[in-house]
Amino acid sequence: MSKIIKCGKLFCAVDEIVQENAVIIIDDTKITSVQNAENFIPNTDDEIIDLSDKFVLPGLIDTHVHLGFGGKTSLVEVSEQPEIVAIKGMKNAQLDLWAGFTTVRDEGYPTITGCANIRDAINTGVFPGPRIFTSGMYITQTGGHLDFRYPGETLGFNTFKSGNVANGPEEVRAAARLMLKYGADQIKVVVTGGVLSPGNEPGEQNMSIEEIRAAVDVAQMHAKITSAHAHGTAGIKAAALAGVSVIEHCTLVDEETIQIMVEKNISIVPTFIVLKVIAEKGTAAGIPDFAVRKAIALVGSHLSNIKQAYDAGVRIVFGTDCGTPLTPHGTQAREFELMVQAGISHTDTLLSATRYAAELLRWDDKIGTIAPGKFADIVAVDKNPFDDISILKNVSFIMKDGNVYKM
Ligand SMILES: [Zn+2]
């Protein structure tokens, strides 16, 4: 028995074409073929899923979430027991799936093993959730973004509090190896200051090029990618020169570094939504003063800088930073509207959350397109997103691994 999805419109993400009257044939967890409905005759025991009034596309991929954070006004989870954070993380993962995100990349979790455990529990069928690609903890430096240790805790390298603090290339190397030992799918480094931690500035470079290179070196030896958090111009340039795979936020990127990124094929995950909501809703919503001040300073040129990189040929990949303040899991599809507002084409916006995202994760042999041999991760919406991209906030059909989660 196969599952047969009758599609009104179908965007496979293999190319830029929107097909009419296609059927998708699914056996067990995988897609067997995509055919024209006119020539297709189902077997009598096939299960027909009629989406002939819907627009069908691959399961969405958010390449920047924090499952350990729930979108509260501050990152309360860094002070909570790991078991509590894990339970919340399981719920957050499900909220992402219920919004149509069948795969998420976790960009830093408050404990070393928590996210890998959630990933493995989902993969072994303990509870439903999206596919998870995890960083373990973010690697930062003393006083850097996400170094949330109290003054009495700042002695010694293996003292964790949200960020894995490492100073100098050898400590970074050890920290990266530690993440991989406990199941990380990639290495995440914090290169500049951030919005949400006091005591550092987003414009400042906090990780040296030698430290970034050490992380990239370890990741490459293990055939993994390296992701760099970077807002400021100097930090973005250092990350690009060191050869990271992708730069998160990339807020104050300049022309010189855009050229380096084009040459080295380095992607950007902009996460427009988080800076925008923190800057707009501000202290009235309960966000600390220091974070609002920093977000306002960054948000002004973010869209235009990313558009400049996009026009120059840098690949933009969908990611939202959801879980951080005021962007709870399941609400991140607003990012699609901001991407279009920034000037990214509808086609590239859809590809950014499907094929481009899968290629960044090096999972494009498994997910990201609707094609034979891929896992049956498929979603649908009630309108054509080329006419109205905001429809992606209301995904009306969700299938992952051939199982229907919403219809
Ligand atoms: Zn983040």
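I will go through the two domains of this chain, then helix H9, and then one residue of helix H10. Please keep in mind that what we are looking at is a predicted model.

Let me start with the overall layout. The domain assignment splits the protein chain into domain 1, made of residues 3–59 together with 368–406, and domain 2, which runs over 60–361. Between the C-alpha centres of domain 1 and domain 2 there are 30 Å, and where the domains meet, 21 residues of domain 1 are in contact with 24 residues of domain 2. On the domain 1 side, the elements that contribute two or more residues are strand S5 (47–58), strand S16 (397–400) and strand S17 (403–406). That side of domain 1 consists of 12 nonpolar, four polar and five charged residues.

Now to helix H9, residues 302–312, whose buried residues are His302, Asn305, Ile306, Ala309 and Tyr310. Viewed down the axis of H9, these buried residues fall within an arc of 140°, so they line one face of the helix. Ser304 and Asp311 are exposed, and they sit on the face of H9 turned away from the buried side. As for the partners, the buried residues of H9 pack against helix H6, strand S14, helix H7, helix H8 and H10. Just after H9 comes Gly313, which takes a positive phi of about 110°.

That brings me to H10, residues 334–342, where Arg334 is found. Is Arg334 buried or exposed? Arg334 is partly exposed, because 17 other C-beta atoms lie within 10 Å. Leaving aside residues up to four places away in sequence, Arg334 touches Ile273 and Lys393.

Notes:
Residues are numbered from 1 along each chain as its sequence is written. This is a predicted model: local features need pLDDT of at least 70, side-chain atom pairs count only at pLDDT 80 or more; totals for chains, interfaces and linings use all residues. Helices (H or I, at least four residues) and strands (E, at least two) are DSSP runs, numbered from the N terminus. A residue is buried if 20 or more other C-beta atoms lie within 10 Å of its own, exposed if 12 or fewer, and partly exposed in between; C-beta atoms are placed from the backbone. Two residues are in contact if their C-beta atoms, placed from the backbone, lie within 7 Å. The arc is that of the directions from the helix axis to the C-beta atoms. Domain bounds come from an automatic or database domain assignment. Ala, Val, Leu, Ile, Met, Phe, Trp, Tyr, Cys and Pro count as nonpolar, Asp, Glu, Lys and Arg as charged, and the others, Gly among them, as polar.
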